[in-house]
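This report concerns a pocket and a sheet in one protein chain. Which classes of residue form the pocket lining, and how are the strands of the sheet arranged?

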Amino acid sequence: MVIRKTLLVITIMLAAFAAKAQTSTQATAGLIKRLLPNHYRSFVIETTTAKSKDAFELESRNGKIVLKGNNGVALASALYYYLTEYCHCQVTWNGTNLKLPAKLPVVAKRVVKSTPYQLRYYLNYCTFNYSMSWWDWARWEKEIDWMALHGINMPLAITGEEYTWYLVYKDLGFTDEELKGFFTGPAYFSWFWMGNMDAWGGPLPLNWMKKHMALQKKIVDRERALGMKPVLPAFTGHVPASFKERFPNAKLKTTNWKNGFADTYILDSEDPLFARIGKLFLQKQTQLLGTDHYYSADTFNENEPPSDEPAYLEKLSARIYEGMRQADSKAVWVMQGWLFYSDRKFWKEAQTEALLKAVPNDKMIILDLATEIEPVWKRTNAFYGKPWIWNMLNNFGANTNLFGRLDAVATEPAAALKDPRSGKLTGIGLTMEGIEQNPVIYELLTDNTWRNEPINTKSWLKGYIRNRYGKDNAEAAKAWDILHKTVYSVPADKYIRDGAESIIQARPTLDSSSRWARTKLNYKDVDLLPAWEALIKASDDVQTSNGYQFDLVDVTRQVLANYALPLQQKMAAAYKRKDIDGFKKYSAQFLELIDDMDQLLATRKDFLLGKWVADARSWGITPKEKSLYEFNAKDLITLWGDKDCPLNEYACKQWSGLLSDFYKPRWEQFFTQLQLDMEGKKHFDETQFTTYIKDWEWKWVNARKDYPTTTKGNSVEKAKFLYEKYWKSVNNIYGE
């Protein structure tokens, strides 16, 4: 009997493994066919037995390329290793090179790779809005393929969360009217999910919720088929304002994000309803989506707890986890470590340790969210024994800039692995607020996945350029050497969190920056010019490369965006000394520069406002819905909230359409008022102008307007034209 039972268990386990292997094989085969429709028959997929950490193998056999791996992510990583190392190809958001040789290169010696990182995390709450607000399944499918190719196996998956909450609150007896003031508009879910705001950008149509739950099912199904384990949301205490009427005895606290939005309500974890609602939510979510037992919860994201007493924080943490455990005994709490970085004055050693120690070590994972900026693990005893993940944040607000810490990303993960103080370092990840920029920094970070030694940045860049441009080129290599030393390097003696914006994006001012349009560079602006020159010189040899075209536009854009500041400051100086001729000269040049940048960016889909707005409107069924989504799309990237919101320009972009239709008209109106003042016709009152321009901005955000959704012009030709036009002027202004 014992033998029969043992055989039965083994049979069931083998059957389960076979089914899982078949799923991984099918999912990987689909990925290869989508990526390489003309070559997919040249690849053979073989699954290997599961290991504690993922591994892949690569070899040639009978004229085929054999990919072996223990799941779909490992198999896809084997494919990408072959594409990058043997075919010199590349897949990024901003330029892809898949020009494979007519005869695929042979793998002369079997390649075996394993990862030192059990978990490879991906996404930040903010990414779902700053970049992904309007994505459909086609775009998500492309991203999941990218994730698998780059070794990601632990993606945050929060699309459609609002529908789960809708069903939970309906089960609790809430009416649609009571919930109308709860859900935000679709561009603001990230901050709604984190408990920072209610209602802004709404009311949210039920149609949106249903469509996005259907989309979420496709997302998690594909991720799981490839062997990923999606991180789903859990209850953090955030409840509707109407909760106090339906549950008058509930123990509620108000909290405020302090960014111009109304209070939100947090259900006290001591209230019995807390555990009940947390359990109801996870049960409903599991019914809809299943579970891999990873749950994201951040109760005090940029909101301080009501008490800093360690005992209070310990009990709070224990109750939040208990709410998860009651619904899922295997629950693992995945916590963003952002609060320990952003609010270090509150989260001192005693408070941090108290919050973390209440949860069993194997039931919590901490995301060190911006390790490349500040490794919080170093001042928290590696999060007091909790497993943790080394993450790179790099981009805030999906701003358009050239920026990154290449050398830190190349060396610090491996250094942490070898550091005896790093405790239970168990993963590596990407937690940027926005994607689809600076592809080099993300390629480099993910290249750490299959190695435990530091990367030599210089030699790595040589391979990156070859893969990106399709060939070696001396001028391109020179350009990237300069880019490495300038935009992709942050001096150790300077605290610079993220990339600079252009003064063009600032609400018009005589100053050299504004709160969220910061112009401080991590390099000398003049030092970027030789990189621009070298890329221009490389054009005849590599201009057919999609990646080169993007890079040329991006570097040209950055040079001109930087040049705007000295022009604007010359305008300001002319105004202050009442030099009307100088003022007219520099203000005209400034506006002309905006036009030129707009035309340059119009040559690439990566930089089109029209696509962002059109994608938003495409989700609407009725004119009212389309209008609501357009408002959300335009508001997020400009005012962020209402016309007095202190976050204006936080998510600013250098996009064609936005430059010509928003930034330029603002500056034109500013220049007009300054000139009237200089001519003695009307005194310039800065406060009065700011009030006026806020009203103008609000009208723009609420206006109905279409923008081009297709590119116009040739990227290389336009960049060359602007190089000829501006090279001398830019050099002269920096030489003064």
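In this predicted model, the lining of the largest pocket comprises residues of three classes, as tabulated below.

| Class | Residues in the lining of the largest pocket |
|---|---|
| Nonpolar | 18 residues |
| Charged | 15 residues |
| Polar | 13 residues |

In total, 46 residues line this pocket, and its volume is about 1,200 Å³. Those nearest the centre of the pocket are W93, R139, E436, D606 and K611. Two or more lining residues come from each of the elements α1 (2-35), β4 (90-92), β5 (95-97), α4 (137-149), α21 (546-576) and α23 (609-618). Of the contributions to the lining, that of α4 is the greatest, at six residues.

The sheet is a separate topic. Four strands form an open sheet with mixed pairing, in the order β1-β3-β2-β6. The edge positions are held by β1 (43-47) and β6 (111-114); each has a single partner strand, so one side of each is left without a neighbour in the sheet. From one strand to the next, the twist averages 15°.

The partner of β1 is examined next. Strands β1 and β3 (residues 64-69) run parallel and are joined by five bridges. Within this pairing, V44 has V66 in β3 as its bridge partner.

A helix also packs on these strands: α2 (residues 72-85) lies across β1, β2 (55-61), β3 and β6. The direction of α2 is at about 55° to that of β2.

Notes:
Residues numbered from 1 in each chain as written. Predicted model: local features only at pLDDT ≥ 70, side-chain atom pairs only at ≥ 80, totals over all residues. Heavy atoms only, no water. 1 Å grid on protein atoms, 1.4 Å probe; cavity = no way out; pocket = protein on both sides within 12 Å on 5 of 7 lines; lining within 4 Å. Points joined across faces, edges and corners; volume = space filled by probe spheres on them. Nonpolar A, V, L, I, M, F, W, Y, C, P; charged D, E, K, R; others polar. Pairing = 2+ DSSP bridges. Axes fitted to C-alpha atoms, helices over the stretch in contact; angles between N-to-C directions. Contact = heavy atoms within 4.5 Å.
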